[in-house]
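Colleague: Got a minute to go through this one with me? I'd like the overall picture before I set anything up.

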There are 2 protein chains.
Amino acid sequence: MLPGLDERTITIYAPIQSRLQTVETRLRSLDEETVPNLKMLLDYVLSTGGKRIRPAMTLLASDFYGPQDESPITMAVGIELLHLATLIHDDTVDDSVMRRGKPTVSHQWGNHVAILLGDYVFSASATWVCDTGNLRVVCRFAETLRELSTGQISEYFNNYNPEQTRQGYQDRISRKTASLFRTAAECGAILGGAPEPQIAALSNYGFSMGIAFQIVDDLLDFQGDPVEMGKPVGSDLMNGILTLPTIMLLERYPTDNPVAAYLKDRTNERHLDRALEMVHNSGVVADCYAEVREYCARGLRELESLPPCEARDSLQALAEYVRERYR
Amino acid sequence: MLPGLDERTITIYAPIQSRLQTVETRLRSLDEETVPNLKMLLDYVLSTGGKRIRPAMTLLASDFYGPQDESPITMAVGIELLHLATLIHDDTVDDSVMRRGKPTVSHQWGNHVAILLGDYVFSASATWVCDTGNLRVVCRFAETLRELSTGQISEYFNNYNPEQTRQGYQDRISRKTASLFRTAAECGAILGGAPEPQIAALSNYGFSMGIAFQIVDDLLDFQGDPVEMGKPVGSDLMNGILTLPTIMLLERYPTDNPVAAYLKDRTNERHLDRALEMVHNSGVVADCYAEVREYCARGLRELESLPPCEARDSLQALAEYVRERYR
């Protein structure tokens with residue numbers, strides 16, 4: 001089975017196991033183009049694993065209305081490739097050194113190779129999506145590209161800006177993360193022949209999962225074991241990226257705030273230590289986690305309008321999995 | 001009219017003047033997104049001018065078979081945006097300092113901004129092409145993305161490689177340049193309702209124009225006034241990029257070759273000077289130019305199967321214009 005999966009995701013993905021394996025095989029057989037080095041680079045990126053949560057969502061969302069053609073598999077390949085392409089470029093823009101415990105492409109081969117490889121993986125994702133032969137999903141995919149891109153630009157230009165609001169954060173993660181989760185589920189539903197109200201329900205489910213997933217990711221940045229996470233604790237703040245916990249701190253403690261102090265003077269590690277301490281000792285973690293629970297609950301409510309089946313059980317379990325990634 | 005045009009292109013573009021102006025207006029009104037700085041960056045890129053030769057080809061190719069909808073204009077916007085996106089990333093990968101006499105985005109704002117802006121312009125190009133509502137052109141566009149990308153990767157990994165052949169050069173410029181010219185013309189023809197044989201003729205015309213255009217570009221790199229070109233004479237070779245003239249030199253003079261010597265030791269400017277001198281004093285420029293004439297002639301032959309009209313006259317004149325860019 002896939003290298004990045006844990007026992008729980010293996011169970012959740014049971015109804016789509018063989019199709020997800022097909023997705024993986026196709027990801028790994030990306031052109032044996034005549035371009036030297038391309039295959040080695042692609043293998044490197046793919047071997048960093050990952051939970052394949054977005055393509056799994058596409059496949060599960062396609063499963064509600066009877067037998068279907070291969071197009072959801074094709075779509076799932078395109079969705080995961082787009083995700084990989086954004087990782088390659090994001091790591092380059094953020095000067096990230098490690099990703100899932102391995103050196104990033106930009107760190108290992110330099111920015112130039114990372115730009116070229118990211119562009120290639122973007123283009124490959126587009127051709128896979130076109131291969132579904134469905135103009136509606138192709139257009140949704142293109143819109144998603146644009147949302148991802150404006151989300152990243154917005155994050156970049158807001159670096160070190162202490163004036164960010166929760167609304168701004170919400171808007172940014174809607175674009176940079178939730179848009180792709182939404183499109184993954186929505187396009188699965190479209191290709192699986194779901195009626196419009198159920199397409200909308202799965203689209204909303206995907207969106208809520210994306211928001212919850214990103215808040216959890218941002219929380220994990222303040223928690224995890226640096227070895228397991230593959231990056232230091234507090235790396236977002238160290239890179240000037242404010243996320244929900246630090247934005248909440250800035251809102252609640254307008255004076256003598258260590259986050260604000262650190263953004264002004266990043267040479268002073270004392271500010272950083274105090275900020276990290278404050279994230280853990282104030283109530284913000286619990287409040288962020290309440291948001292995670294709220295978005296997962298919204299996602300679960302959307303599933304109620306769908307016919308009961310194995311795929312629905314899996315999507316429910318996936319929402320619980322996203323919610324419990326942070327403990 | 002458009003800032004980058006000279007008298008001759010203004011005349012050639014006469015039948016499509018107002019539509020090309022619409023393309024320009026749409027390029028310049030790219031989202032007033034809420035992302036700070038984006039508009040300023042886009043204006044900067046657009047204000048460097050350019051001859052808009054690719055969108056002009058789309059509009060002219062769409063003009064042969066009676067009245068049509070707005071889709072060729074929409075396509076032309078997407079085509080030019082894709083071209084701009086590749087310029088932004090290529091300049092970043094090549095560490096180019098100047099483009100058309102202005103600092104490149106990467107030189108002015110850094111690699112990170114250039115990656116993000118290029119990705120955004122890529123994504124905007126995809127949404128415009130989707131707005132044509134024509135799955136066939138969307139798929140051709142996605143394939144073109146992939147060809148452009150493999151062309152760039154191939155160029156990058158062949159840098160400083162003295163073993164390159166004319167066949168390799170041909171393959172590389174087919175991908176990195178001619179593919180977009182071909183798609184520009186082909187998609188114009190498709191959206192203009194041309195019959196299949198005429199779509200094929202216009203596609204081949206675009207391809208031949210692209211090859212001719214790139215060889216001329218590569219020749220100009222050894223000629224032009226550095227101020228007008230916005231880069232030093234011989235900049236390709238200085239960056240380790242072999243083009244038709246230097247590949248011909250390597251083939252013809254297997255021993256004591258200054259190109260090979262320079263690739264081995266770039267600190268020795270004497271090798272560079274000798275290589276530049278040899279380009280001009282051997283017969284290779286004339287032989288490269290013979291290739292240009294040959295591809296332009298092929299392009300002109302393809303036009304013979306098309307009904308005579310203003311658009312055909314313009315495409316003929318465009319082929320002559322491409323041929324005569326190098327004197």
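**Overall picture**

Modeller: Sure. Keep in mind that this is a predicted model. To start with burial, 60% of the 327 residues in chain A are buried.

Colleague: OK, and how many helices and strands are in chain A?

Modeller: Chain A has 17 helices and 2 strands. Its radius of gyration is 20 Å, close to the 20 Å from the globule rule for 327 residues, so chain A is as compact as a globular protein of that length.

Colleague: What box do the C-alpha atoms fill?

Modeller: Roughly 60 × 50 × 35 Å for chain A, along the principal axes.

Colleague: And the contacts in chain A, what share comes from residues 24 or more positions apart?

Modeller: That share is 75%, counting contacts in chain A with a separation of 6 or more.

Colleague: Switching to the surface: how much of it belongs to carbon and sulfur atoms?

Modeller: 49%, out of an accessible surface of about 12,300 Å² for chain A.

Colleague: How many positive and negative side chains does chain A have?

Modeller: There are 32 positive and 45 negative ones in chain A, with the centres of the two sets 2 Å apart.

Colleague: Now the two chains. What turn lays chain A on chain B?

Modeller: A turn of 180°, with a shift of 0.0 Å along the axis and an RMSD of 0.0 Å. That's the relation of a two-fold axis.

Colleague: Which residue of chain A comes closest to the rotation axis?

Modeller: Leu135(A), whose C-alpha is at 2.8 Å.

Colleague: Why do you say the copies meet through the same surface?

Modeller: Because 100% of the interface residues of chain A are also interface residues in chain B.

Note on methods
Residues are numbered from 1 along each chain as its sequence is written. Chains are lettered from A and ligands numbered from 1 in the order in which they are written. This is a predicted model: local features need pLDDT of at least 70, side-chain atom pairs count only at pLDDT 80 or more; totals for chains, interfaces and linings use all residues. Side-chain values use heavy atoms; hydrogens and water are left out. Helices (H or I, at least four residues) and strands (E, at least two) are DSSP runs, numbered from the N terminus. The radius of gyration is taken over C-alpha atoms; the globule rule is 2.2 Å times the number of residues to the power 0.38. Buried means under 20% relative accessible area, exposed over 50%, partly exposed in between (1.4 Å probe, protein chains only). Contact means heavy atoms within 4.5 Å. Accessible areas come from the Shrake-Rupley method with a 1.4 Å probe; for residues, only the protein chains shown count as cover. Lys and Arg count as positive and Asp and Glu as negative; His and the chain ends are not counted. The place of a charge is taken as NZ of Lys, CZ of Arg, CG of Asp or CD of Glu. Copies are superposed by least squares on the C-alpha atoms of residues with pLDDT of at least 70 in both.
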